Amino acid sequence: MLSPDIENAMNTQIAAELYSSQLYLAMSAYCEEQALPGFARWFKIQSDEEREHALKFVRHVVDRGGRVMLTGMDAPQSDFGTPQGAFEQALAHEMNVSMMIDGLYGMAVQHGDYASQVFLQWFVTEQVEEERTAAEIVQTLKALGGEPAPLLMLDRELGSREG
Ligand SMILES: [Fe+2]
Ligand SMILES: [Fe+2]
């Protein structure tokens, strides 16, 4: 059985992962609007992955005899200023999610909940990857300094992401 504390925190995490999915979908649509289909594809795949993350938590809560409680959520913004602005926000968001995952892991340790610790290890590793990827793209965008030709090349590269 899940402790009520962990059940609660996992429900909060489900909401956070679903919000991530909405946020990246909004970023995808924004990039589409900016005529950057590769960026848009990258964010759409990211959005789908975040929904998968939420579903993993749903599975874990259900498997452990807990109750899934979905909530309403804030709307993400629709204008991110620039593609670089979108990726900067994505990085800040992932850093926040990493803190949430670390908090959950700490809670699982405190409660001696080994099954949740094993479950959460995948997410700890995933967050390292998520932060690294977003940070790399932010760095690349900064180096481009808004030049249109290299931006279109980066758009082609991001568009080759496998879904
Ligand atoms: Fe996630
Ligand atoms: Fe993520």
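Visitor: Which residues is phenylalanine 43 in contact with, leaving aside its neighbours within four places in sequence?

Guide: In this predicted model, phenylalanine 43 is in contact with Tyr24, Met27, Ser28, Cys31, Ala86, Phe87 and Ala90, once its neighbours within four places in sequence are left aside.

Visitor: How should one read such a set of contacts, and which residues touch the most other members of the largest nonpolar core?

Guide: The general idea is that in soluble globular proteins, nonpolar side chains tend to be buried together. Here the largest nonpolar core has 24 residues, and Met27, Phe39, Phe43 and Phe87 touch the most other members. Two or more residues come from each of helix 1, helix 2, helix 3 (83-110), helix 4 (114-144) and helix 5 (148-158). Helix 1 gives the most to this core, namely six residues. Another core, of 14 residues, lies apart from it; Ala9, Met10, Ile14 and Ile101 are among its members.

Visitor: Which residues coordinate the iron ion (ligand 1)?

Guide: To read a metal site, one looks for the donor atoms around the ion. The iron ion (ligand 1) is coordinated at 2.1 Å by Glu17 (OE), Glu50 (OE) and His53 (ND1). The spacing of these donor residues in sequence is E-x32-E-x2-H. Glutamate 17 belongs to helix 1 (residues 4-33) and histidine 53 to helix 2 (residues 37-63), so the pair ties together parts that are 36 residues apart in sequence.

Visitor: Are glutamate 17 and histidine 53 buried or exposed?

Guide: Both glutamate 17 and histidine 53 are buried.

Visitor: How far apart are the iron ion (ligand 1) and the iron ion (ligand 2), and which residue coordinates both?

Guide: The two ions are 3.3 Å apart, and glutamate 50 coordinates both.

Note on methods
Residues are numbered from 1 along each chain as its sequence is written. Chains are lettered from A and ligands numbered from 1 in the order in which they are written. This is a predicted model: local features need pLDDT of at least 70, side-chain atom pairs count only at pLDDT 80 or more; totals for chains, interfaces and linings use all residues. Side-chain values use heavy atoms; hydrogens and water are left out. Donors are N, O and S atoms within 2.8 Å of the metal (3.2 Å for Na, K and Ca); water is not among the atoms, so sites may look incomplete. Helices (H or I, at least four residues) and strands (E, at least two) are DSSP runs, numbered from the N terminus. Buried means under 20% relative accessible area, exposed over 50%, partly exposed in between (1.4 Å probe, protein chains only). A nonpolar core is a set of buried Ala, Val, Leu, Ile, Met, Phe, Trp, Tyr and Cys residues joined through side-chain atoms within 4.5 Å. Contact means heavy atoms within 4.5 Å.
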